[in-house]
Amino acid sequence: MGRRGLLGLAVGSAMALTGCSSSAAVREASEGRSAYGADPSQYGDLFLPAGIPTATVVVLHGGYWAAGFGADAMRPMCRALQAAGYAVWNLEYRRLGAGGGWPATFEDVAVGIDHLNTFDTIDASDVRLVGHSAGGQLAVWAASRRDTTPGGPSAVTVTRCVSLAGVLDLTEASRLRLGSGNVDALMGGRPAEVPDHYDQGDPTRLVPAQCAVACVHPREDQVVPREQTTAYVAAAEAVGAPVSLHEVPGDHSSVIDPTSPAWQTVTRLLAG
């Protein structure tokens with residue numbers, strides 16, 4: 001049985017899989033899990049709204065790419081977006097300490113996003129990426145995929161990207177040893193040691209992205225320096241890329257909390 005069939009079994013009668021069109025109506029809100037690879041971390045949870053989804057949002061969690069952090073942290077955010085009418089793909093990936101690193105983590109994100117093409121219930125021609133912290137790096141990286149990056153160019157159409165307190169300048173993050181050195185562990189070494197990895201994986205080196213990028217940073221963030229966001233914005237502006245900076249109230253986690261004052265900015269930017 002194929003992956004699409006497995007997903008249908010997982011959600012049962014709650015999910016209306018028509019097999020006919022990506023714009024087919026989904027009668028009830030539902031949630032189901034689908035694997036995009038054999039590793040236990042290679043899966044996503046698909047949240048479908050009642051009715052026809054407005055668009056498809058891919059959610060990427062943070063945690064400095066470490067195995068101690070996972071996609072479950074994003075479930076409240078996913079359910080809020082589902083209630084707002086989006087199809088939401090909460091993507092898990094191999095992390096440090098669990099098979100992740102260069103290029104595995106990047107390949108997982110690429111393959112996991114492209115896996116959206118296997119679903120009849122969503123529209124892969126309007127995919128919006130949003131990531132928090134280390135997931136912000138992965139989201140902006142995924143919006144910048146090309147022939148030279150792991151996984152190659154995107155097989156779905158990414159129409160916008162939102163970074164939430166993202167670690168967007170990996171070269172500087174390595175120098176600062178953000179995440180207790182996890183940047184070097186992710187990339188397989190320091191920038192001077194593996195410059196090609198940074199050329200292919202550092203969002204600030206990959207400008208322009210393939211779509212507009214909105215960068216949100218909380219004013220009270222004590223986890224990821226504001227300069228990680230402003231460095232990316234400056235690099236994108238220098239090449240004429242569509243990019244915007246949005247500072248919001250709250251701490252590092254406020255931007256993924258649907259009850260926080262920052263949430264209105266997040267949803268506005270996703271809606272475009």
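Contact here means heavy atoms within 4.5 Å. The model is predicted.

**Exercise 1. Place the helices on the sheet**

Find which strands helix H8 lies across, and the angle at which H8 runs to S8.

Solution.
- Take helix H8, residues 226–238.
- H8 lies across S7 and S8.
- The angle between H8 and S8 is about 160°.
- Now take helix H3, residues 104–114. H3 lies across strand S3 (56–60), S4 and strand S5 (127–132). H3 runs at about 155° to S4.

**Exercise 2. Lay out the sheet**

Give the strand order of the open sheet, then name the strands at the edges.

Solution.
- The sheet has 8 strands, in the order S1-S2-S4-S3-S5-S6-S7-S8. The pairing is mixed.
- Strand S1 (30–35) and strand S8 (243–248) each have a single partner strand, so one side of each lacks a neighbour in the sheet. These two strands stand at the edges.
- On average, neighbouring strands are turned by 20° against each other, direction ignored.

**Exercise 3. Compare two strand pairs**

State for S1 with S2, and for S6 with S7, whether the strands run parallel or antiparallel.

Solution.
- S1 and strand S2 (residues 43–48) run antiparallel, joined by 6 bridges. Alanine 35 stands opposite tyrosine 43 in S2.
- Strand S6 (residues 158–164) and strand S7 (residues 212–218) run parallel, joined by 5 bridges. Serine 163 stands opposite cysteine 215 in S7.

**Exercise 4. Sort the residues of S1**

Assign the residues of S1 to a covered face and an uncovered one.

Solution.
- In a regular strand, side chains alternate between the two faces of the sheet.
- Ser30, Gly32 and Ser34 make up the covered face of S1.
- Glu31, Arg33 and Ala35 make up the uncovered face.

**Exercise 5. Find the buried side of H2**

List the buried residues of helix H2 (residues 75–83), and explain how they are arranged around the axis.

Solution.
- The buried residues are Arg75, Met77, Cys78, Leu81 and Gln82.
- They cover an arc of only 160° around the axis, so they lie on the same side of H2.
- An α-helix has 3.6 residues a turn, so residues three or four places apart point the same way.
- After H2 comes glycine 85, with a positive phi near 105°.

**Exercise 6. Describe the surroundings of valine 88**

Decide whether valine 88 is buried or exposed, and list what valine 88 touches.

Solution.
- Valine 88 sits in strand S4 (residues 87–91).
- Its relative accessible area is 0%. The cut-off for buried is under 20%, so valine 88 is buried.
- Leaving out residues up to four places away in sequence, valine 88 touches Asp45, Leu46, Phe47, Val57, Val59, Cys78, Leu81 and Gln82.
- Valine 58 is 30 residues from valine 88 in sequence, and 5.9 Å away in space, C-alpha to C-alpha.

Methods:
Residues numbered from 1 in each chain as written. Predicted model: local features only at pLDDT ≥ 70, side-chain atom pairs only at ≥ 80, totals over all residues. Heavy atoms only, no water. Buried < 20%, exposed > 50% of the residue type's maximum accessible area, 1.4 Å probe, protein only. Helix = DSSP H or I, 4+ residues; strand = E, 2+ residues; numbered from the N terminus. Arc of directions from axis to C-beta. Pairing = 2+ DSSP bridges. Axes fitted to C-alpha atoms, helices over the stretch in contact; angles between N-to-C directions.
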